[in-house]
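Biologist: Please select one part of this model and examine it closely, residue by residue where possible. I should then like to see how the packing elsewhere is described in the same terms.

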Amino acid sequence: MENVIKAKTPSFRARIQAVGGFLTNMVLPNIGAFIAWGLLTALFIPSGWFPNENLASIVDPAIKYLLPLLLASTGGRMVAGQRGAVMGTIGAIGLIVGSDIPMFLGAMIIGPLGGWLIKKFDKLIDGKIPAGFEMIVNNFSIGILGFFLMIFSFYFIGPVIEAANNVVSSAIKSLVDTGYLPLLSLINEPAKVLFLNNVIDQGIYYPLGMQETLEAGKSIYFTVASNPGPGLGLLLAFSFFGKKAAKRTAPGAIIIHFFGGIHELYFPYVLMKPLTILAMIAGGMSGITTFYLFDAGLVAGPSPGSIISYLALTPKGNFLGIISGVIVAAVVSFIVTAIILKFDKKTDEEDFTSSIEKSKAMKSEGKQILNPSNELSNTKISKISFACDAGAGSSALGATTYRKRLQKANIDGIEVKHYRIEDVPEDTDIIVVHKDLLERARLSHKNKRIITIENYIEDPNLLKLIDELGKR
């Protein structure tokens, strides 16, 4: 087992990851509503599959009111429960009415802000309310604070968000107009591998995509960071030209990545051979270029980013462009990765397992955090929590796989579940996270044992843990 890492000030990347995770958990519970809106748009607008003027009249109110209000309510609830949800929704209506664009980003700001305000107020008056006055104080506190937040949103937050949105929109649209949109892959692909994909997707591309879809019935912005093609090409190359564990695990990762939409499955392969990030950038650029040339787009954000989601959200007349963009990205990524693997003669780095160990030795943030004895203590282990950014992708895969491993090893009495990092319950004995999410996990769980992994399918640290649990 690895040595213990002393707590240190979280890095900027860890803080950004936490922000991305928070945004994701505002969006994720409402993805169904976004998809419903996307299907409504694809089917019933004038250029849709079945144009219907009456049903198409729902499109505009849904994107302007329904979706932002859902986001604000969820954000407020995450901070302060039901009272936070009500406060966030009250504040959101002010900025929605006070602006001319769909207020997704504004809702993701005002929702948590409303929750934070009521949470601070409740803490301030805790234990100071006279008996019998609890209901009137609770109701009027939300009413009065919500009143001021609604006005503040209308006159200040809404216009500021709209101005910022216009700046970002103009910058990205200029890339579209000049044909330089593929350059976004220079940012997207490295950010994804560093687990910052949710920041750029939920924070930037999805809001812009929804705005464009309202006008054009589709948007290329939904595809610039979510294309499963580059990851498919990378994993295919490792399946043919990788070594040992990398080659053995890549085919399974392909199925989970391409059809399940869990992009985190290919991150360890890129981290093992950092030069392959060039393949991901090349694949991303070629995919965006193909989407652009075909004038293709999706009607909503694909979540998860699988080929199934892509096809389900492709509007009429765009299937050739979308499928071509995915295939071209996969082919380019495959070729570049294959070249890198064929010309790289360092067999010690090609060995997946040895690369994981070497990476952990070089990066202190990737070390596993256990107790000073480097062994599990005699304390009974009854719960292991797999945690990830959103608590619904890679952690779910890891928990399911590990639960089956424990059953095969005849190890009973241990509960294995998956969570968002910040939602891991206090009764957890061991937390399992990807090494690049270690610092973020430490922000919320300073006194917990944390085991870091790099491969969700076959990681040596998880195998070692099974051996130790079997000896208890």
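Modeller: A helix here is a DSSP run of H or I with at least four residues, and helices are numbered from the N terminus. The model is a predicted one. In these terms, Ile 340 belongs to helix α14, which spans residues 319-343. Its relative accessibility is 12%; since buried means under 20%, Ile 340 counts as buried. Leaving aside residues up to four places away in sequence, Ile 340 touches Leu 275 and Thr 276. Leu 278 lies 62 residues from Ile 340 along the chain, and the C-alpha atoms of the two are separated by 9.4 Å.

The part that I shall examine most closely is the sheet. Its 4 strands form an open sheet with parallel pairing, in the order β2-β1-β3-β4. The edges are taken by β2 (415-420) and β4 (449-453); each has a single partner strand, so one side of each is left without a neighbour in the sheet. From one strand to the next, the twist averages 25°. In general, strands of a sheet pair through backbone hydrogen bonds, and the pairing may be parallel or antiparallel.

Strand β1 (residues 383-388) pairs with β3 (residues 430-434) in the parallel sense over 3 bridges. Within that pairing, Val 432 of β3 is the bridge partner of Phe 386. The pairing of β1 with β2 is likewise parallel and runs over 6 bridges. Here Ile 384 has Val 416 of β2 as its bridge partner.

The side chains of a regular strand alternate between the two faces of the sheet. In β1, Lys 383, Ser 385 and Ala 387 lie on one side, with Ile 384, Phe 386 and Cys 388 on the other. All of these residues are buried, and both faces of the strand are therefore covered. Put as a count, 6 of the 6 residues of β1 are buried. Helix α19 (residues 460-470) lies across β1, β3 and β4, and runs at about 135° to β4.

Two helix contacts may be set beside the sheet. The axes of α4 (residues 59-97) and α6 (residues 134-178) come within 7 Å and cross at roughly 30°, and these helices are therefore roughly parallel to each other. Their crossing is right-handed. On the α4 side, the residues in contact include Arg 83, Val 86, Met 87 and Ile 90; among those they meet in α6 are Asn 138, Ile 142, Leu 145, Leu 149 and Phe 154. By class, the contact of α4 with α6 has 12 nonpolar, 7 polar and 1 charged residues.

Helix α4 also meets α2 (residues 31-44): the two axes come within 10 Å and cross at roughly 175°, so α2 and α4 are roughly antiparallel to each other. From α2, Ala 33, Phe 34, Trp 37, Leu 40 and Thr 41 take part, and from α4, Val 59, Ala 62, Ile 63, Leu 67, Leu 70 and Leu 71. This contact of α2 with α4 has 10 nonpolar residues, 1 polar residue and no charged residues.

Conventions
Residues are numbered from 1 along each chain as its sequence is written. This is a predicted model: local features need pLDDT of at least 70, side-chain atom pairs count only at pLDDT 80 or more; totals for chains, interfaces and linings use all residues. Side-chain values use heavy atoms; hydrogens and water are left out. Axes are lines fitted to C-alpha atoms, for helices over the stretch in contact, and angles run from 0 to 180 degrees between N-to-C directions. Angles under 35 degrees count as roughly parallel, over 145 as roughly antiparallel, 65 to 115 as roughly perpendicular and the rest as oblique. A crossing is left-handed if the near helix is turned anticlockwise from the far one by less than a right angle, and right-handed if clockwise. Contact means heavy atoms within 4.5 Å. Ala, Val, Leu, Ile, Met, Phe, Trp, Tyr, Cys and Pro count as nonpolar, Asp, Glu, Lys and Arg as charged, and the others, Gly among them, as polar. Two strands pair if DSSP finds at least two bridges between them. Buried means under 20% relative accessible area, exposed over 50%, partly exposed in between (1.4 Å probe, protein chains only).
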